[in-house]
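Biologist: I'd like a close look at one part of this model: the main open space and the helices packed around it. Please take me through that slowly.

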Amino acid sequence: MKETIGFPRALLFYYYYPAWKTFFESLGQTCQVSGKTTKAMIDSGIKVTVDEACLPVKAFHGHVQSLSGECDRVFVPRLVSVEKKAYICPKLMGLPDMVRHNCTGIRQILDPCIDMSRNRKAFAKEVYTTGRLFTRNPLKISAARQKAEYTYEMFTRLLQAGLAPIEAMTKMNLHDAPDSWNSGTSHNAPAFEKAVGARPLVIGLLGHPYIIYDSFLGMNVLDRLKLMRANVVTMDMLPPTMIEREAAKSRKRVFWTMGRKLLGAGYYFLRPGTVDGCLQMSAFACGPDSFISELLQQESARSQRKVPFMTIIVDEHTGEAGVHTRLEAFLDIAERSRPG
Ligand code: SF4
């Protein structure tokens with residue numbers, strides 16, 4: 001029977017939706033994505049979650065609630081690990097339990113457990129079990145998985161080439177036209193150069209995908225920087241090998257996948273000559289971000305030729321005007337600090 005699977009447009013949707021959509025559609029199912037994050041969605045998430053939850057988790061609950069009654073199952077994976085000997089934030093490990101407990105009116109939750117910390121066998125088994133919910137044909141499941149893996153590879157290549165996730169999904173016909181609010185990361189450098197007659201500032205932007213690519217949570221930071229004539233480089237554009245090499249400078253290996261990626265990209269951006277300024281967008285109540293921010297502050301303080309570094313922490317009360325003023329001030333500092 002054909003079912004509609006609902007995808008909350010939040011948390012790691014920005015990385016994994018293309019692969020899962022391909023997988024489910026190959027098995028004859030339909031996928032439906034929740035709308036853009038709004039104040040009403042955040043409020044509805046806040047109502048059902050504990051105060052201590054971080055803003056993105058609250059937003060996720062709001063997205064889930066918005067899908068209530070709209071689909072047969074809501075996709076809420078239990079993300080434990082996506083690579084060997086490294087883990088995803090504990091809040092994502094417990095997400096299906098939180099959603100089950102907090103959200104009412106959801107028909108069914110589809111919660112495959114993704115754990116690649118030891119090997120990929122458990123992952124393959126989980127994908128197979130998920131596929132079995134829709135077909136008894138193992139060959140069909142295997143073909144759907146291969147297609148999904150190929151899609152994921154193509155998608156990450158587009159991210160590295162500089163497209164924002166929604167842009168990349170649109171290019172691959174996996175999503176409707178790009179939303180104006182996250183129309184990408186700037187890649188119109190030549191146009192800008194012509195417009196302002198000088199090399200635009202290049203800003204290295206650090207942040208979880210569900211913050212920097214979500215216009216509401218991330219205060220539209222990509223478009224704001226673009227309008228302020230800055231070019232943006234995100235950590236998704238850096239080669240994974242480079243990120244790993246930089247992250248290895250840390251005395252102790254960071255075993256949170258996203259934290260390590262942020263740290264590696266941050267160390268790279270803080271090297272003189274790479275970017276003109278490094279900006280971190282972080283969510284209030286995010287434990288992993290708080291220590292990454294501290295390590296980057298220390299690195300920035302150590303450098304002799306400093307690359308300006310700033311962290312903006314967003315929560316449900318953050319105002320656009322305040323963020324805008326801080327960005328303007330940051331770009332002024334970056335402009336003054338750049339060599340010659
Ligand atoms: S990494 Fe931070 S922002 Fe992301 S889910 Fe965990 S606590 Fe929340």
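Modeller: I'll start with the space itself and then turn to the helices beside it. Keep in mind that this is a predicted model, where local features need pLDDT of at least 70 and side-chain atom pairs count only at pLDDT 80 or more, while totals for chains, interfaces and linings use all residues. Residues are numbered from 1 along each chain as its sequence is written, and side-chain values use heavy atoms, with hydrogens and water left out.

The largest pocket (an open set of points on a 1 Å grid over the protein atoms alone, where a 1.4 Å probe fits, with protein on both sides within 12 Å along at least five of seven lines) holds about 1200 Å³ of space. That volume is the space filled by probe spheres set on the points, which are joined across faces, edges and corners. Its lining (residues with an atom within 4 Å of a point) runs to 44 residues. If you want to find the middle, go to Y15, Y16, V82, Y152 and T156, which lie nearest the pocket's centre. Sorted by class, the lining has 33 nonpolar, three polar and eight charged residues. Here Ala, Val, Leu, Ile, Met, Phe, Trp, Tyr, Cys and Pro count as nonpolar, Asp, Glu, Lys and Arg as charged, and the others, Gly among them, as polar.

Which elements give two or more residues to that lining? They are α1 (13-26), α6 (121-132), α7 (138-160), α12 (240-247) and α13 (257-269). Helices are DSSP runs of H or I, at least four residues, numbered from the N terminus. The largest share comes from α7, with eight residues, so let's stay with that helix.

First, α7 against α1. Their axes (lines fitted to C-alpha atoms over the stretch in contact) come within 8 Å and cross at roughly 150°. Angles run from 0 to 180 degrees between N-to-C directions, and this one makes α1 roughly antiparallel (over 145 degrees) to α7. The crossing of α1 and α7 is right-handed (near helix turned clockwise from the far one by less than a right angle). On the α1 side, the contact (heavy atoms within 4.5 Å) is made by Y14, Y15, Y16, P18, A19, T22, F23 and S26. From α7 come K140, I141, A144, R145, K147, A148, T151, Y152, F155 and L159. Together they divide into twelve nonpolar, three polar and three charged residues. Some names should ring a bell: Y15, Y16 and Y152 take part in this contact, and Y15, Y16 and Y152 are also among the residues nearest the pocket's centre.

Next, α7 against α6, another helix of the lining. Here the two pack at an angle of about 120°, with their axes 10 Å apart. That makes α6 oblique to α7 (outside under 35, 65 to 115 and over 145 degrees). The crossing of α6 and α7 is right-handed too. From α6, the residues in contact are F123, A124, V127, Y128, G131 and R132, and they meet P138, I141, R145 and E149 of α7. By class, this contact has six nonpolar, one polar and three charged residues.

Put the two contacts side by side and look at I141 and R145. Both residues of α7 touch α1, and both are listed in the contact with α6 as well.
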